[in-house]
Amino acid sequence: MGKHQAGVPGAGTVLRGLVLVLVLGLVAGAGWYVLRGEPTEADGAACPTTLHVVAASSIATVVSAAGRTLRAGEDCILVDTVSADGRSGAAQVSQSPIDVWIPDDTAWTTLAPPQFLAEQGNLNAYSVIASSPIYMVTDPATGDRIKAAGDSWLGLANLLNGHAPGIRLVVRNPALSGDGMVAAGAVGEAVWIEKGMDASSLALANMLPVTRTVNHDLSALPSAAGEVGLVPEYALLSTLRLAQADRRYVVGADHTALLRYTWLPTAAAVKNAKRAAALKRLYSAFSSQEGSRALAAAGLRGPDNIRPIYDGANVLPEPTAKPFDVLAPHHVQHIFATWDPEDRRSNLLIIVDVATGGSSPSPGNSSSPGKQAPVDVLKQGCRQLADLMPVGSRLGLWEVAPGQPGYRRIVPTDRLDDATRAAFGTSVKSLAAHRAGPGLLDAIVAGYQSVRDDWHDDMFNQVFILTDDQNKDSANAAAVTAMVQKLTALKDPSKPVTISVVVLNKKDAADALKNSLKPMDAYVDNATSADDVQAAFIHVVAGGLHE
């Protein structure tokens with residue numbers, strides 16, 4: 001997995017805020033499933049302890065079976081289970097008094113309230129109690145094309161990214177379940193590992209137009225030739241008897257995409273001796289005979305990673321590749337932002353610094369047009385970025401230019417709507433290469449202060465700088481040090497602002513700025529191709545560029 005900071009300043013807050021904003025829409029879209037058992041006296045209603053569990057719908061029957069083993073005796077335990085999936089499941093966790101959460105993947109912890117869950121290892125916290133690999137399901141001809149591309153997740157990503165004729169992806173909405181989040185993440189992660197973060201962002205954006213998203217609780221099975229459905233094993237096992245004879249199943253030779261059903265006791269339950277003791281018993285019940293049978297019946301693998309016995313299961317190849325790592329928070333945010341414009345909501349200021357005589361980024365691939373002037377590449381990126389941001393975002397554009405103060409506000413930061421979006425597109429046309437001169441460092445300081453003073457807690461707050469460094473500002477150590485000192489003085493921990501810098505065709509300049517801007521946790525990188533620049537624009541609206 002590419003280098004990446006575990007926590008993005010402000011990203012956790014935005015993610016959790018978006019959960020609450022979107023939960024009603026997700027409920028209406030069938031993203032929230034409640035399967036609450038109504039206990040009777042015979043079932044243990046008189047038990048001295050009741051454990052409240054929120055679990056993914058695909059493991060809810062297993063929780064119920066494990067709970068039944070605890071309903072006997074004077075010290076019996078009643079397990080009250082609410083089944084909830086995806087982002088609305090995370091919202092349910094934060095809104096209800098619960099003792100343990102069992103989502104269908106560890107990555108959902110990104111959305112948990114701060115300090116809500118017990119620390120790793122405490123009462124088996126973060127233990128994986130079940131798993132299910134995800135398969136690429138398609139027709140034989142398309143399967144042969146995937147095999148020729150490497151029989152891998154990266155091969156599938158390359159086919160989709162290049163819009164290979166006739167190939168389409170089918171995936172569940174990543175916001176509704178781990179089935180979709182981990183499956184979509186596998187395509188992005190394969191590219192991230194091989195080519196880096198920006199290439200991954202571009203690949204996901206490119207594949208979305210050739211993707212059919214399933215927005216209900218059915219599996220993402222293919223329905224036409226050329227479709228590649230991403231389906232977990234548990235869902236396939238229940239349909240193998242009805243499976244079409246000409247279906248091909250690919251597990252991925254490079255990595256295994258894996259759902260990890262994770263045991264997550266809450267911090268409050270761990271601190272309560274009575275509830276902690278009950279949780280220990282429930283956790284042990286999953287490995288009981290009844291619990292193991294329930295896992296197999298649900299089509300899930302237990303901690304031993306052995307596939308349940310099902311008629312016809314031998315048509316599914318056994319995964320042998322190392323599983324992808326659990327999706328990190330910024331990776332999760334990027335997936336959500338690819339599918340949902342609301343997750344691209346930002347308060348963003350773009351600062352452009354391109355001088356005459358600068359070298360142009362090279363074409364990104366063999367199908368790219370001839371070389372464009374650097375400023376034209378940036379104009380195209382600015383327009384694309386504005387189109388990706390949802391109404392209600394905030395967007396501004398500055399340009400480094402000769403004279404005092406060394407920069408000009410082409411578009412003052414304002415709320416984005418159809419009118420301001422059109423005006424922004426018109427203003428972008430006025431971007432022009434200028435003669436090399438000072439102004440970039442002052443523009444960065446002024447831009448940072450502007451976003452900080454206009455800070456919004458319901459969106460990402462960012463300054464995005466693109467420069468060809470023709471004035472060699474990066475080599476002026478004294479001036480760069482003074483800039484960083486001013487930025488440090490402006491920092492407000494309660495109002496985090498992300499700084500991202502992309503340098504065109506100058507690795508040494510990028511490395512120098514990257515080292516100098518460490519106190520600001522800034523992202524700095526070198527762009528050598530038009531695709532690099534395009535990917536940077538796309539990624540910045542997914543919550544910012546971060547390592």
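## Salt bridges and nonpolar cores

Glu233, Arg301, Arg307 and Glu318 are joined to one another in a network of salt bridges. The model in which this network appears is a predicted one, and the values that follow are computed from its atoms.

Within the network, the side chains of Arg307 and Glu318 meet in a salt bridge with an N to O distance of 3.6 Å. Arg307 and Glu318 both lie in the loop between α11 (289–297) and α12 (329–339), so this pair ties together parts that are 11 residues apart in sequence. The two partners are not classed alike: Arg307, at 16% relative accessibility, counts as buried because the limit for that class is under 20%, whereas Glu318 is partly exposed, with a relative accessible area of 39%.

The count for the model comes to 16 salt bridges. One of these pairs is formed by Arg248 and Asp144, whose closest N and O atoms are 3.1 Å apart. Because Arg248 lies in strand β8 (residues 248–250) and Asp144 in helix α4 (residues 140–148), the pair ties together parts that are 104 residues apart in sequence. Arg248 counts as partly exposed, at 28% relative accessibility, and Asp144 also counts as partly exposed, at 42%. A further salt bridge joins the side chains of Arg452 and Asp453, with an N to O distance of 2.7 Å; of this pair, Arg452 is buried, its relative accessible area being 18%.

The three pairs described above are set out here with their distances.

| Salt bridge | N to O distance |
|---|---|
| Arg248 and Asp144 | 3.1 Å |
| Arg307 and Glu318 | 3.6 Å |
| Arg452 and Asp453 | 2.7 Å |

Turning from charged to nonpolar side chains, the largest nonpolar core holds 94 residues, of which Ile59, Trp101, Ile102, Trp153, Leu156 and Leu230 touch the most other members. Helix α6 (residues 178–195) gives the most to this core, contributing 8 residues. Which residues does Ile59 touch, when those up to four places away in sequence are not counted? The contacts of Ile59 are with Ile102, Ile129, Ala130, Tyr261 and Leu300, and Ile102 is itself among the residues that touch the most other members of the core.

A second core, separate from the one just described, has 31 residues, including Leu349, Val451, Val480 and Met483.

Terms used: Residues are numbered from 1 along each chain as its sequence is written. This is a predicted model: local features need pLDDT of at least 70, side-chain atom pairs count only at pLDDT 80 or more; totals for chains, interfaces and linings use all residues. Side-chain values use heavy atoms; hydrogens and water are left out. A salt bridge is a side-chain nitrogen of Lys or Arg within 4 Å of a carboxyl oxygen of Asp or Glu. Helices (H or I, at least four residues) and strands (E, at least two) are DSSP runs, numbered from the N terminus. Buried means under 20% relative accessible area, exposed over 50%, partly exposed in between (1.4 Å probe, protein chains only). A nonpolar core is a set of buried Ala, Val, Leu, Ile, Met, Phe, Trp, Tyr and Cys residues joined through side-chain atoms within 4.5 Å. Contact means heavy atoms within 4.5 Å.
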